[in-house]
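Hi there,

Here is the structure I promised to pass on. Have a look at it first, and my notes follow underneath.

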Amino acid sequence: MFSYHQKPDWHIADSEATPESKFLDRRSFMKTMGIGGLMLGGFQNCQAQSATINTMLPPLPDYTKNAAYKDAGRAITEEKLVTSYNNFYEFGFSKSDPAKNAKNFSLDPYTLTIDGHCDNPMKVDLDQIEKLGLEERVYRFRCVEAWAMTVPWIGVPLSKLIEQAQPNSKAKYVAFTCFYDPKRAKGQNDKRYDWPYYEGLRLDEAMNELTMITTGYYGKRLLPQSGTPLRIITPWKYGYKGPKSIVKMTFTDVEPKTYWNTAIPKEYKFYSNVDPEVPHPRWSQAREQFLGERLKNKPTELYNGYGKQVAKMYADRKRDLY
Ligand code: MTE
C-alpha cells in the first residue's frame, strides 16, 4: 500500500518539484512502463491484479456510439495499458500505484452536488446523470508528461448536465471538486499537496461539444484507478484538466483555483491547452509518445487536433496558455 513514508526509488526532495515532474524523467518512464523485455509481462500482471469489471456498481446502461467520434485517427490504446498506467495521486505517485491501491475504492452510493450561480442547484446520482443519454466517443488523450493514448470513453456531454442546473448570468466558470477521504486514499495524507484535487473550466469550455462527463470506457464502467464513478474529459487540454472522481460542480464568477496551479504556479496555468509550441518549463511539448510505443516520435498537434471544435473559444487570447 502506498505510504507517505515509503518513498519510491525515484523520489526527489519535497523542495525540488512535484510528482508531475518526477514522471517525465525518461528513465523512470521506461522503467515504469517496463519497456523492453519486461513490457508485456508487466502489463499482464497489472491486468490480472485489477478486475476488469467494477463490481460495486450496476452494469453500465446501454449507450449509443457517436458517429462523429467513432474514429480518432489513431488506433485505440489497449485497455490493459489504459488501466494499469495511471495518474491518480490520491492513490500513490507511481504509475502502477492507482491500479493496486484504488482496487476496492468506491464512492457508492454516489451523489454529485451542483451549486453556485445557477437557478436549479441540485444533487444527482449516477443513474440520473446516465439517463441524460450515454454515448461512446473515441478521443485522443494527451498528458503533459508527453504520453498519449486513444480511449473509447462512454459518458454524457457535460453541457446536458449543466443545462439541467440552469447557470445564471453570473456563472462564468465551473469549479470541480474531487472526493476527500484520506483514510482510504492514502495519498491525501501527503501534506505537500492541497487536497482534495480540484480543477476548473470556463463555462464555454465546459459547455463545448467535446467536454464529457464519463462513467465508462471499453464498454464497461470506469475502474477505480480511472476515476470511479465519473470523471471529466476535455481532449484538447492536458490530462490534468480532467478531474477524476468528482463530487461537486460549482458555478463561479471568478476563475477557479486549480490543484496544479496552486502547487507550482509557474508551471501549470489555468487553460493548459495542448500546444506543441508552448513548452512546459521543463519539458518540450513538440512530440509525444503513444502508450505501448517505444519512442516519443509523434508530432503534437495544437489543441490535440481538436481545433475545429475549440479554436474559436480562444480567438482573442495569445498562445500563452500553458
Ligand atoms: N484527478 C484526480 N482526482 N487526481 C489526480 O491525480 N490526475 C490527473 C487527471 N485527473 C488526477 C486526476 C492527471 S495528471 C492525468 S494525466 C489524468 O488524470 C490521468 O488519467 P489516467 O490515469 O486515466 O490516464
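To start with the ligand, a residue counts as near a molecule if one of its heavy atoms lies within 4 Å of it. There are 18 residues around the ligand, and Tyr89, Glu90, Arg231, Gly242 and Lys244 come nearest. Before going on, please keep in mind that this is a predicted model, in which local features need pLDDT of at least 70 and side-chain atom pairs count only at pLDDT 80 or more, while totals for chains, interfaces and linings use all residues. Residues are numbered from 1 along each chain as its sequence is written, and side-chain values use heavy atoms, with hydrogens and water left out.

By class, the shell splits into 10 nonpolar, 4 polar and 4 charged residues (Ala, Val, Leu, Ile, Met, Phe, Trp, Tyr, Cys and Pro count as nonpolar, Asp, Glu, Lys and Arg as charged, and the others, Gly among them, as polar).

Oxygen atoms of the ligand take part in polar contacts (pairs of N or O atoms within 3.5 Å). Asparagine 86 brings a polar side-chain atom to 2.9 Å from a ligand oxygen. The backbone serves too: a polar backbone atom of asparagine 87 is 3.1 Å from an oxygen of the ligand, and a backbone N or O atom of tyrosine 89 lies 2.9 Å from one. The protein covers 100% of the 530 Å² of accessible area that the ligand has on its own (Shrake-Rupley method, 1.4 Å probe).

You may like the aromatic pairs, with ring centres within 6.5 Å and planes under 30 degrees apart called stacked, over 60 edge-to-face and the rest tilted. The structure holds 29 of them. One is the tilted pair of phenylalanine 105 and phenylalanine 179, at 4.7 Å centre to centre and 45 degrees between the planes.

Lastly, the backbone. Most residues other than glycine have a negative phi, and most peptide bonds are trans. Here, a cis peptide bond with omega of about 0 degrees joins aspartate 108 and proline 109. Another cis bond runs from threonine 228 to proline 229, with omega near -10 degrees. Serine 245 has a positive phi, near 50 degrees.

Best wishes

Definitions and conventions. Polar contact = N/O pair within 3.5 Å; in protein donor to acceptor, adjacent residues only side chain to side chain. Phe/Tyr/Trp six-rings, centres within 6.5 Å; stacked < 30°, edge-to-face > 60°.
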